[in-house]
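Here is a quick tour of a protein model, looking at how its sheets are put together and how its parts meet. Have a look at the fold first, then read on.

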Amino acid sequence: MSKAAELAALIANVNKGSSLANKNFIINGNMTVAQRATSFSFAHDGTISSYTTDRFAGQIWQNTDELDGTFAQVADAPSGTGLTHSLKWTTGTAETAVASDESLWVEQKIEAQNVRELCYGTADAKPVTLSFWVKSSITGTFNSSLYQADGNRVITNTYSISSANTWEYKTLTFAGDTSGTINDDTGEGLRPYWNIFAGDDYTTTDRTSWGSYSSATWAYGHTQNAHATTSGATFFLTGVQLEVGEKATEFEHESFETTLRKCQRYYEKSYDHDTALAAVTDTGTLYGPGATGNLTTGLLGTTQTYTTSKRASATLVIYDPAGNSGKCLRDNFGVASSANQAIATAYGGTKGFLVYSSGTYNAQTIVYHFTADAEL
Amino acid sequence: MNITSAQHQKFMDEDTGILKVTIDGIEMQVPKDPANRHYAEIMKQVKEGTLTIKDAD
């Protein structure tokens, strides 16, 4: 896009209510933050729903017979954009055929209070434009749409991938929903999603204008299902931006730290970013208070504060430095220690929690890692 | 989300507001917050009669 065209698009969007900064409702649209892992195995008889790169989830729906595959964060992105990573689906075992009730998609659930400015349910409801880069080993017509949870409404759109294994830039504009509902709360407000394949049950009812959700509206217009039936088929996504207005503007880059902090409202770990969950490591381990000589076989505990306040009270997993979940290490400073000791938490809120061990090993303190999940 | 056990927890004889839950083979501490997606799924399964929350030890 030329500078003049970019400026014109920005002005057009500002006139529709957009901002010049913080314009992207999507978090981690450049796929750089991947706290959970960098590869995620999906299978018809195993994991069918999971977060992948932070804030993005993959969903197999729902009765696939043979399908398995992998979502992964990869260092592959369109050149000249400043993007460095993408989220990649690779089909492993393929379906022999796509049944009518089978589908696979990627989604991001946006917190409701963050999209209240769209004024849904009023005459002032604002349009939004979704832009993204996509690369696929299979060309064809794909569905990408918006789901509105509070109103249980949907609006669908499609785009065409014309060249295999080539990065292509797509923009889709969606009208404001004058009859919609987005609550002023921390629940789900708006959900952009990208269908990779979708059986006939999900493609038959036209919902190219906002209306009530039914399964038949979910992927209206989607026609390409070969990712389900082609082992080794790939689908890449990055540079995702959802902004107010009818024009797509250049992807809003931000520092890794800024993106990470945004992600941590929904998921946080005590491990270093590039360290796997349950890794055997002392790096970054957290210690409760303790003092040499104050040994006890009884209760040891501390309060743990999050780096970022959570959307809701978080689900916690506590690990000892040996990688055992639901356990801690009880430590007698510089003398001895014992991993795999009992651990529990209490009074968890959006800012932190109490963690304690009632294990029997004679120690002065507890040592642990944690993950905190407050995703939508 | 394969939930195989759930149990109330007490600390100093008070309910901690946390369930100890095993999900996909991993022991998790799930707050009794309807906005928490794991708690919402637990309560859905309890309502459907496929999961029972044990009393605290």
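A polar contact, as the term is used here, is a pair of N or O atoms within 3.5 Å; within protein, one of the two has to be able to donate a hydrogen and the other to accept it, and residues adjacent in sequence count only if both atoms are side-chain atoms. Keep in mind that this is a predicted model.

With that rule in hand, start at the domain boundary. Chain A is divided into domain 1, covering 3–264, and domain 2, covering 286–373. Their centres, taken over C-alpha atoms, are separated by 38 Å. So what do the two domains of chain A share at their interface? The rule picks out 3 residue pairs in polar contact across the interface of domain 1 and domain 2, both residues of each pair being at pLDDT 80 or more. Salt bridges, on the other hand, come to 0 between these two domains.

On the contact side, 6 residues of domain 1 of chain A touch 5 residues of domain 2 of chain A. Together the two domains bury about 480 Å², with carbon and sulfur atoms giving 39% of that area. Which three residues supply the biggest part of what domain 1 buries against domain 2, more than any other three? They are Thr186(A), Arg261(A) and Gln264(A), and they account for 79% of it.

Now for the sheets. Two open ones in chain A are set side by side here:

| Sheet order (chain A) | Strands | Pairing | Average turn between neighbouring strands |
|---|---|---|---|
| E1-E4-E5-E15-E8-E12 | 6 strands | antiparallel | 25°, direction ignored |
| E18-E23-E22 | 3 strands | antiparallel | 30°, direction ignored |

In the sheet of 6 strands, E1 (39–43) and E12 (168–174) of chain A stand at the edges; each has a single partner strand, so one side of each is left without a neighbour in the sheet. The partner of E1(A) is worth a closer look: 5 bridges join E1(A) to E4 (residues 68–74) of chain A, and the two run antiparallel. Within this pair, Ser41(A) sits opposite Thr70(A) in E4(A).

The sheet of 3 strands has E18 (300–305) and E22 (344–346) of chain A as its edge strands, each pairing on one side only. Here E22(A) is tied by 3 bridges to E23 (residues 352–357) of chain A, again in antiparallel fashion. If you want a spot to zoom in on, Ala346(A) stands opposite Leu354(A) in E23(A).

Key
Residues are numbered from 1 along each chain as its sequence is written. Chains are lettered from A and ligands numbered from 1 in the order in which they are written. This is a predicted model: local features need pLDDT of at least 70, side-chain atom pairs count only at pLDDT 80 or more; totals for chains, interfaces and linings use all residues. Side-chain values use heavy atoms; hydrogens and water are left out. Two strands pair if DSSP finds at least two bridges between them. Helices (H or I, at least four residues) and strands (E, at least two) are DSSP runs, numbered from the N terminus. Axes are lines fitted to C-alpha atoms, for helices over the stretch in contact, and angles run from 0 to 180 degrees between N-to-C directions. Domain bounds come from an automatic or database domain assignment. Contact means heavy atoms within 4.5 Å. Buried area is the accessible area (1.4 Å probe) that two parts lose on being put together, summed over both. A salt bridge is a side-chain nitrogen of Lys or Arg within 4 Å of a carboxyl oxygen of Asp or Glu.
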